[in-house]
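I sat down with this one to look things up one at a time and jot down what turned up. My notes follow in the order I made them.

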Protein chains: 2
Amino acid sequence: RLALPVFASDALSSVAYAPDEVLLTLAIAGGSAVMISPWIGVAVAVVLITVVSSYRQTVRAYPSGGGDYEVATTNLGGNAGLVVASALLVDYVLTVAVSVSAGVLYAASAIPALRDHEASVAVGVIVVLSLINLRGLRESGRVLAVPVYFFMGAVGLTAIVALARLALGTLPAVESAAFDVVAEPGYEHGLVGAVGAFLIARAFASGAAALTGVEAVSNGVPAFKKPKSKNAATTLALLGGIAVTMIVTILFLANKTGVRYVDDVSQLRLNGAPVPADYVQHPVLSQLAEAAFAGVPVMFYIVSAATGVILFLAANTAFNGFPILSSILARDGYLPRQLHTRGDRLVLSNGIIILAAFAAVLVLSFDASVTRLIQLYIVGVFVSFTLSQLGMVRHWSKALATEVDQVERRRMMRSRVVNSIGLSLTSAVLVIVLVTKFTHGAWIAIVLMACMFVLMKAISHHYSVVAEQVRYVPTDESSRSLPSRVHAVVLVARIHKPTMRAIAYARATRPSELEAVTVAVDPAESAQMLREWEELGIPAPLRVLDSPYREITRPVMQYVRSIRRRSPRDLVVVFIPEYVVAHWWEQVLHNQSALRLKTRLLFVPGVVVASVPWQMAAAPGVPTKISGPVTTHGDRQRNARA
Amino acid sequence: RLALPVFASDALSSVAYAPDEVLLTLAIAGGSAVMISPWIGVAVAVVLITVVSSYRQTVRAYPSGGGDYEVATTNLGGNAGLVVASALLVDYVLTVAVSVSAGVLYAASAIPALRDHEASVAVGVIVVLSLINLRGLRESGRVLAVPVYFFMGAVGLTAIVALARLALGTLPAVESAAFDVVAEPGYEHGLVGAVGAFLIARAFASGAAALTGVEAVSNGVPAFKKPKSKNAATTLALLGGIAVTMIVTILFLANKTGVRYVDDVSQLRLNGAPVPADYVQHPVLSQLAEAAFAGVPVMFYIVSAATGVILFLAANTAFNGFPILSSILARDGYLPRQLHTRGDRLVLSNGIIILAAFAAVLVLSFDASVTRLIQLYIVGVFVSFTLSQLGMVRHWSKALATEVDQVERRRMMRSRVVNSIGLSLTSAVLVIVLVTKFTHGAWIAIVLMACMFVLMKAISHHYSVVAEQVRYVPTDESSRSLPSRVHAVVLVARIHKPTMRAIAYARATRPSELEAVTVAVDPAESAQMLREWEELGIPAPLRVLDSPYREITRPVMQYVRSIRRRSPRDLVVVFIPEYVVAHWWEQVLHNQSALRLKTRLLFVPGVVVASVPWQMAAAPGVPTKISGPVTTHGDRQRNARA
Ligand SMILES: [K+]
Ligand SMILES: [K+]
Ligand SMILES: [K+]
Ligand SMILES: [K+]
Ligand SMILES: [K+]
Ligand SMILES: [K+]
């Protein structure tokens, strides 16, 4: 029951922009072309019903969840799965970009001060959403339910009042009905011939944006309460029904009230003259609210606010879904493995920041234009739909090959038919989307998907190369061979307690050979150190390495390599005294040369780097926090020699 | 000889904005008030000559260089030195912000397309300057000489032509001379009473911006050729003479040609009516070039270009000076010590980026307005001047207390008189600047200086606390006491070659006790590992640690602590097998949990963390770069267990 609100925002928010895109695409061929918009609504509704029915099969067959990526991987192989994964990752980014841009469009329609600053405001909203998610404030289904039901109530009330007044003959025309729409060059004859058919296909492809969000439900099955598949199937049916009703009703009412909605207001004419420069084109839903509640202007603001909020919530769901998918891909070796560590704040943060950054780049590149962003949006969703349906058809065929129970077989065959219809319809829509939108921006989404695919392939390749290299074969003794002697080297910067402790610890390991080594950056200083060293009678000889260029790392590296050359079978253990301070900002104050040296020494075979920490007391008055559970605070602390 | 061009850009570029600020400040009291501007020029010239004479004493007394910070520290103590250092750091930031904003002002005056985008263009220039400096492209004095002499030539030619035409009576009035300047409310009676005197003081304080850049010479003595002090003194005298001539001439000519320059063009009237909205107010120097070369419009562009370039070069000098001062402050323990490492690209880069970021924030905050930024600029310079002069007076008094040679004593007394005059004049100007500009923005510079002062104090305190804690006292045996036994723990994630090598190395150190430890994230997996471990006959017992919450770090930490509790006198050496890959982007793909664990283990006393590296071969076709001199490339590589 509570799963509905969680997924509803993404799925239902599409009605805030899909009808508008249908209308403005048709308007390219002039005012009369727009009349066919309800029929495009019906076509979209048919696809939506088919896709929802297909997905109800999917969630039943894969009750553990996993969504399109799992279905494609299991039934069509890793590459198909990776294509779906690439499509879905791009889809999440576009869900944020499109939803936020649309939300800002509604906000700017109601609040004139926001106009002309849409892109900046949208980036601001994205930043706020990331901060909310970085802070880990997850809304429970209960909290989310309020705006979702409020939006459904607002749209429902608008529709009912409008339909009632239509029946009574008291529904006024919208303000924009007064305009004439001039066809763009090349479309002067309306929807005729190949050009007209192509434009109808394009309008339908834009209307298919109404289906975005359905994939979010099917990929989010793990988030449902048990019984997961049953709940997911019910949610899908409910959301599908509501979405279909909304989209068809909105396009029907837009037609009846004479809504004019165009991409470029220069297409509009008022009694033959262009519209004034300050004319503001409200979104279709807002225009309907204005007409339905004519005389009660506050309802326009209520509907706009409800729609804006639901759109921002839709963007927010991507912030939940993106890290989940990343984690699954990391588990399978397609993304950096640490992304799989669940519950790790740092890992989650990276996902949130990456998603927000890509979405912000898109919003800025396309100036927060919903119409331009939507060209990129639908491709990924339908790639995912199509491959998933193909996978399901394969799934049922495989299952039928072994199933003997006749009742079960009939159920499976019915399911296969549903998924086959889904496959043919989604692949047909995918082709229409590709053909009609490729040059309008869909190619960008395809390039992004291809980049993700190649990147994930490369990561997967790297992991398998590494796994091969480190595989242990018991007959190969090279990695087990015991070094004959241990040569301990203690690095000394100054004579102080950390150095003394490092020498004591090095002595405790009873090496075959033990020496202290220092770099002579300042000859006078190191001569003084050598004198002091002997006076103190420190139980290890001190070797001074020359450094004509005042470097630290290079002389040490050269010396360690010379030991290795002299006695290649020896193990060299380099002991490095390190300051450990309580706060990361204190750590910044300590020389990073130890960290650099350690990193470089790791590249010399046969050398072990041993850090001997000296724990500093915290400065008085500053609380120390070094123990307790894994915290990112402690993790950020780096260690270094003073 | 070549030192002149290096420092000239900062010192001379001030004439591109200082006269403008004098004129627009006086214009607040209306057109007639502006008539006194040449006298303010003379006052500024007197201060400039005095300051230059004073600094010629300083560079002679401190031939090693070191500048105001050294003079104040040596003679007035560390806190005074730190105040000067804070002032100079803020001064460098403002040099960039003011010079770039002024340069963009000239550019926008000549190139209409840049207008209304000044702030963005200025930030772009700052970014370009940082990139040039990050790339390490240092211009030699020889290259810098070209634009500097070009600028001096352009201004000189303008002045000579204008003066000649003035003498011949053929110098035309500037375009803006046609305007009347309306006094702002409260100043209707002109420069009368306390209000008038205060405005004159404010105009003088603005004109003192002409002195900025002199401090750059005195702080840059180390950069001079030998004999340094003689060359620096000569350069100071030359620059002072040129600057004085320029500023007085410009203000004189501006007066004669009737230049009107105001902060807000709504102050201007043309025959009683406001000026048209598209009127562009050119900078004073450009207006003079227009008048002097009336009929040769190209000269306006040449003078504008020369001035813009010299201003950007002035900003560039701050990118050289800021890291030098930071390095000196780091040497003295006031800034993170690694900033002292000369020639380290990474360190230099941090300085450049910090300087650019602060300057960009200022430019954006003040919308690249030179008039608003200049309110912040002069305070720091005069704090530095005043304390430096006070230090010099103290210096001569101390020297006189021991000097017996009468010739020398007379010379010293003369020098003390010069510095005393410098002190009284610079402190008087500092008071005037503080009083007249405090509420106009100087308070921001003072707050920034105070923040820097407190920060550097805190850093210095931290270093002294640490030095005290680690001081080695031979009678205190605690840091030399030898642990009785060594308990070796090898961390195991999987059975692979890196693990085997870590066990072999751990055995080679012949510990009193040796065990392998793994964390049971997945019980089935670890049971399987335990079986395999025994089958392979690996010569170390494997201990499996439970992890109910699938954590890695916490169980290991708890286990290591339990060993320490059981036998507190034992040394625990934790061996961690680590993958070492050839490229940092490959490292991203390996789990960072080893790094985290190492960091956490460093906080447990009596535990040594030993990294046993497994050097991965590079992927075929990708060149490996892991040896050679210290590179930031190699340094970025982090090490982690797979
Ligand atoms: K939808
Ligand atoms: K979506
Ligand atoms: K959606
Ligand atoms: K100057
Ligand atoms: K300066
Ligand atoms: K300057």
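**Entry 1: odd backbone angles.** Before sorting loop residues I need the cut-off: a residue counts as exposed when its relative accessible area is over 50% and as buried when under 20%. I am also keeping in mind that this is a predicted model.

I went for D116(A) to begin with. Its phi is near 70°, a positive value in a residue other than glycine. I found D116(A) in the loop between α5 (78-110) and α6 (118-134) of chain A. Buried or exposed, I wondered about D116(A)? The relative accessibility of D116(A) is 73%, so I put it down as exposed.

R510(A) went on the list next, with phi near 45°, again positive in a residue other than glycine. The loop that holds R510(A) runs between α17 (497-508) and β5 (513-520) of chain A. I noted R510(A) as exposed, because its relative accessibility is 59%.

**Entry 2: potassium in chain A.** Which protein atoms are the donors of the potassium ion (ligand 1)? I listed A11(A) through O, S14(A) through OG, A210(A) through O and T212(A) through O, at 2.1 to 3.0 Å from the ion. Along the chain, I read the spacing of these donors as A-x2-S-x195-A-x1-T. S14(A) does double duty in my notes: it bridges the potassium ion (ligand 1) and the potassium ion (ligand 3), which lie 5.3 Å apart.

I then checked where two of the donors sit. A11(A) is in helix α1 (residues 3-13) and T212(A) is in the loop between α8 (193-207) and α9 (214-219) of chain A, so this pair ties together parts that are 201 residues apart in sequence. I have A11(A) as buried, at 6% relative accessibility. T212(A) is buried too, with a relative accessible area of 1%.

**Entry 3: potassium in chain B.** I repeated the lookup for the potassium ion (ligand 4). Its protein donors are A11(B) (O), S14(B) (OG), A210(B) (O) and T212(B) (O), at 2.0 to 3.0 Å. I wrote the donor spacing for ligand 4 as A-x2-S-x195-A-x1-T. Here S14(B) bridges the potassium ion (ligand 4) and the potassium ion (ligand 6), and I noted 5.4 Å between those ions.

Why does the pair S14(B) and T212(B) tie together parts far along the sequence? S14(B) lies in the loop between α1 (3-13) and α2 (18-26) of chain B, while T212(B) lies in the loop between α8 (193-207) and α9 (214-219) of chain B, so the parts joined are 198 residues apart in sequence. I logged S14(B) as buried, with a relative accessible area of 0%. T212(B), at 1% relative accessibility, I logged as buried as well.

**Entry 4: aromatic pairs.** How many aromatic pairs are there over all chains? I got 10. One of them is Y92(A) with F322(A), edge-to-face, 6.2 Å centre to centre and 90° between the planes. Y92(A) belongs to helix α5 and F322(A) to helix α12 (residues 298-331) of chain A, so the pair links parts that are 230 residues apart in sequence. I found both Y92(A) and F322(A) buried.

I also looked at F300(B) and Y301(B), an edge-to-face pair with 5.0 Å centre to centre and 80° between the planes. F300(B) is buried at a relative accessible area of 6%, whereas Y301(B) counts as partly exposed at 46%. Back in chain A, I marked Y55(A), F382(A) and F385(A) as one aromatic cluster.

**Entry 5: the sheet.** I traced an open sheet of 10 strands with mixed pairing, in the order β6(A)-β5(A)-β4(A)-β7(A)-β8(A)-β8(B)-β7(B)-β4(B)-β5(B)-β6(B). Which strands are at the edges? They are β6 (542-546) of chain A and β6 (542-546) of chain B, each pairing on one side only. I noted an average twist of 30° from one strand to the next.

Zooming in, I found strand β4 (residues 486-491) and strand β7 (residues 571-580) of chain A running parallel, joined by five bridges. In that region V486(A) stands opposite L571(A) in β7(A).

**Entry 6: confidence.** Chain A averages a pLDDT of 84, and 91% of the residues score at least 70. For chain A, I have the highest confidence in α5(A), at 94, and the lowest in helix α22 (residues 632-635), at a mean of 34. Over residues 620-642 of chain A the pLDDT is below 50, though I noted 67 contacts for this stretch in the model, beyond near neighbours in sequence. Where pLDDT is low, the predicted coordinates should not be read in detail.

Methods
Residues are numbered from 1 along each chain as its sequence is written. Chains are lettered from A and ligands numbered from 1 in the order in which they are written. This is a predicted model: local features need pLDDT of at least 70, side-chain atom pairs count only at pLDDT 80 or more; totals for chains, interfaces and linings use all residues. Side-chain values use heavy atoms; hydrogens and water are left out. Donors are N, O and S atoms within 2.8 Å of the metal (3.2 Å for Na, K and Ca); water is not among the atoms, so sites may look incomplete. Helices (H or I, at least four residues) and strands (E, at least two) are DSSP runs, numbered from the N terminus. Buried means under 20% relative accessible area, exposed over 50%, partly exposed in between (1.4 Å probe, protein chains only). Rings of Phe, Tyr and Trp (its six-membered ring) pair if their centres lie within 6.5 Å; planes under 30 degrees apart count as stacked, over 60 as edge-to-face and the rest as tilted. pLDDT is the predictor's confidence in each residue, from 0 to 100. Contact means heavy atoms within 4.5 Å. Two strands pair if DSSP finds at least two bridges between them. Axes are lines fitted to C-alpha atoms, for helices over the stretch in contact, and angles run from 0 to 180 degrees between N-to-C directions.
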